[in-house]
Amino acid sequence: MATQKTVSATGNAVVADAMRQCKPDVMAAYPITPQTTIVEEFAGFVAKGRVHTEYVTVESEHSAMSACVGASAAGARVMTATSSQGLALMWEELHVASGMRLPIVMANANRALSAPINIHCDHGDAMGARDAGWVMLFAETAQEAYDNTIMATRIAENPAVLLPVMSCLDGFITTHSIDRVDVLDDESVAEFVGEYAPQNALLDIDQPVTHGAFAGLGGPFFEFKRAQRDAMERSREVISSVGAEYSELSGRPFGAVESWGMEDADVAIVVIGSTAGNVRHVARQLRAEGVKAGIVKVRVFRPFPYAELAAALSGVKAVAVLDRAESFGAEGGPLFLEVRSALYDAETRVPVAGYIYGLGGSDVRLELIERVYSDLSDIAAGTAQPGGFVYLGAR
Amino acid sequence: MAKWDISRIDEWKGDEFPLGACIPESGNSRDYVTGGWRSERPVRDDAKCTQCLICWIMCPDSAVVAAGEKVVDFKLDHCKGCGVCANECPADAITMVPEGCELPEVK
Amino acid sequence: MQQLTEIRWHARAGQGAVTAAKLVAETALELDQYMQAMPEYGPERMGAPIQAFTRISTIPIEIHNNIEHPDVVVVLDESLLSIVDVTRGLKEDGVVIVNTCSPAAAVRSRLGRTTGRVAAIDASGISLDKLKREMPNTPMIGALAKATGLFEVDAVCDHLTKTFGKKFTQEIIDANVASVRTAYEEVSIDG
């Protein structure tokens with residue numbers, strides 16, 4: 001295990017620190033609430049000479065990701081951070097980054113998308129980018145946001161993967177709360193992430209290459225997408241081994257899916273992000289009252305851990321999925337759709353109830369979680385059916 | 001450096017292509033024969049030509065061949081017949097003439 | 001001591017409530033406890049009523065929701081009492097600490113509070129005396145230590161010396177430590 005220091009810091013501060021420890025060659029970023037303090041802190045590290053990164057100030061997120069794509073193609077280790085409207089403005093370059101197989105690491109401070117304008121947490125921004133070909137990690141706490149950033153670097157740059165990774169943390173709840181975090185020493189992180197060995201770097205003048213070529217009708221576009229899918233599939237194994245190695249270094253467990261109380265649970269809630277803590281807190285209380293409550297937290301959303309999730313949920317009598325994002329017109333939120341699909345091949349058909357909660361930072365009160373578990377107990381007992389579309393706690 | 005062998009490119013599977021649609025060599029546009037796009041070819045009248053080399057500068061496909069600071073020929077395997085050379089020639093020394101059915105340079 | 005203590009801070013933007021929430025959290029960390037500190041976010045409006053929050057616990061804190069039922073309420077500006085319901089959701093046996101010249105019993109009747117503990121301290125006066133400017137946040141932490149027994153006054157002073165040492169002169173550090181100690185001694189407690 002590495003030497004660690006316990007600090008009191010916000011999620012954004014420790015994400016910036018993790019990025020400093022990973023020593024990116026280039027950061028190109030544009031500030032946006034609630035991501036701002038990540039890039040502000042990082043710019044401070046550059047100004048003080050604590051990291052030797054080329055920090056590119058740009059005029060928009062569209063340019064930020066464009067600069068990241070260029071720098072990454074040039075052969076640099078590249079990082080950035082964004083949120084909400086900023087991520088939306090990066091939309092076309094997100095696909096360019098993954099299609100060109102550039103291992104860019106980006107922190108995303110989850111925030112609602114306008115309109116109406118709102119600066120608080122939901123996962124609508126990240127879920128809107130879920131088909132962009134990025135590996136997506138989600139953090140429950142500032143600690144996980146720190147850990148995920150370091151693991152993201154290793155996952156992205158693994159030669160079997162070479163895909164960009166988005167590391168998400170909940171806006172304000174995680175980005176701006178001061179929390180207790182254990183941080184690794186600089187040397188251990190440097191050793192863990194290692195040096196980046198780029199392939200086909202534009203700056204390798206001995207081996208000139210072309211990036212961004214055309215692959216039109218009749219050309220191999222389809223084959224390139226297939227190769228991208230294969231890389232995403234291979235990342236499952238890499239995520240799991242990088243996670244195991246990081247656990248050994250840090251002493252903190254990591255799983256694409258992290259379960260609590262699932263050994264004998266009758267009712268289970270599947271959730272992403274900071275709300276997992278609230279759910280676990282309620283589940284503990286219910287356990288004390290004799291309710292066999294469990295929780296499954298999804299820490300890796302892309303590639304989606306179907307097998308792990310199905311295994312974790314085998315044996316439960318009713319499942320609820322909490323989505324902090326909408327997919328208007330779909331049968332449920334993005335996580336609901338994945339979870340129900342993961343359970344389709346299970347031997348017994350478990351009822352799955354979908355809830356949309358916490359949009360635009362709407363508070364996740366503990367009584368709302370209690371209500372979900374209570375609904376689940378009724379469904380498990382056969383006295384109720386999962387039904388309709390539930391906006392948890394909305395007036 | 002050895003040429004990038006793409007003779008079986010139409011059979012390649014996704015993982016046989018270079019990563020991320022990268023082309024791992026430079027200067028390979030000379031391998032891409034565009035002479036077949038041509039319906040007219042440039043013909044230069046050596047008597048009128050002042051050897052100003054404007055056609056050599058202007059040709060978008062670098063298909064004007066110069067040697068010893070004089071225009072000597074057109075590379076018809078790359079000339080698309082756009083007529084820029086004829087249009088720019090200050091001495092009216094280049095004429096565009098219709099191609100026949102035979103395009104020996106691109107066969 | 002109960003496992004989890006939740007504190008809500010009321011102040012006007014610019015009075016240092018966020019710093020106070022943070023200092024208390026950091027002091028708890030130095031005592032090897034778990035903590036969270038979070039401001040209530042919105043547009044920056046100097047002088048507008050704001051809130052900040054601190055959670056302190058002897059075991060890891062899992063919850064991330066808003067604090068609706070605090071154990072302790074700290075009011076950095078007396079004039080807020082007439083425009084903000086500072087005791088909203090405060091637990092029956094909770095503690096409320098107000099920056100005021102009035103004694104605790106008078107504050108209790110003004111708040112109409114029949115249960116729990118009420119504490120009063122002239123934090124503005126102390127900071128004007130020691131720091132020569134109105135910065136009631138650090139003396140309020142001294143009053144908080146006495147009124148709640150959450151931590152020793154020495155723990156606060158040690159942390160303050162350590163953290164302020166990075167940014168401020170010895171004179172300012174000494175004045176802050178003196179404000180904390182004076183507030184700790186002088187706080188008037190009812191109940």
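I took contact to mean heavy atoms within 4.5 Å. The model I worked on is predicted.

**Entry 1: which chains touch**

I looked up the chain pairs first. Two pairs of chains touch, and the most contacts are between chains A and C. Chain B and chain C do not touch, and I noted 41 Å between their nearest C-alpha atoms.

**Entry 2: chain A against chain B**

I listed the residues on both sides of this contact: chain A brings 16 residues and chain B brings 14 residues. For the area buried between chain A and chain B I wrote down about 1300 Å², with 68% of it from carbon and sulfur atoms. On the chain A side, 34% of the area buried against chain B comes from Pro208(A), Thr210(A) and Phe224(A), more than from any other three residues.

I then searched for polar links. Between chain A and chain B I counted zero salt bridges. The search for polar contacts across this interface returned one residue pair, with both residues at pLDDT 80 or more.

I also asked which element of chain A gives the most to the side that touches chain B. Helix 9 of chain A, residues 221-250, does so with three residues. By residue class, I sorted the side of chain A that touches chain B into eight nonpolar, six polar and two charged.

**Entry 3: a sheet with strands from A and C**

I traced an open sheet of nine strands, with mixed pairing, in the order 1(A)-8(A)-2(C)-3(C)-1(C)-4(C)-5(C)-6(C)-7(C). Its edge strands are strand 1 (4-10) of chain A and strand 7 (188-190) of chain C, each of which pairs on one side only. From one strand to the next I recorded an average twist of 20 degrees.

At the chain C edge, strand 7 pairs with strand 6 (residues 117-121) in the antiparallel sense, over three bridges. I noted Ser188(C) in strand 7 as the bridge partner of Ala120(C).

At the other edge, helix 1 (residues 11-22) of chain A lies across strand 1 and strand 8 (178-184) of chain A. I recorded its run relative to strand 1 of chain A as about 130 degrees.

**Entry 4: backbone exceptions in chain A**

Most peptide bonds are trans, and most residues other than glycine have a negative phi, so I listed the exceptions.

- Ser114(A) and Ala115(A) are joined by a cis peptide bond, omega about 0 degrees. I placed Ala115(A) in the loop between strand 5 (105-110) and helix 6 (124-128) of chain A.
- Arg302(A) and Pro303(A) are joined by a cis peptide bond, omega about -5 degrees. Pro303(A) sits in the loop between strand 12 (300-302) and helix 11 (306-313) of chain A.
- Lys23(A), a residue other than glycine, has a positive phi, near 50 degrees. I found Lys23(A) in the loop between helix 1 and strand 2 (26-29) of chain A.

How values were computed: Residues numbered from 1 in each chain as written. Chains lettered and ligands numbered in written order. Predicted model: local features only at pLDDT ≥ 70, side-chain atom pairs only at ≥ 80, totals over all residues. Heavy atoms only, no water. Buried area = accessible area lost by both parts, 1.4 Å probe. Salt bridge = Lys/Arg side-chain N within 4 Å of Asp/Glu carboxyl O. Polar contact = N/O pair within 3.5 Å; in protein donor to acceptor, adjacent residues only side chain to side chain. Helix = DSSP H or I, 4+ residues; strand = E, 2+ residues; numbered from the N terminus. Nonpolar A, V, L, I, M, F, W, Y, C, P; charged D, E, K, R; others polar. Pairing = 2+ DSSP bridges. Axes fitted to C-alpha atoms, helices over the stretch in contact; angles between N-to-C directions.
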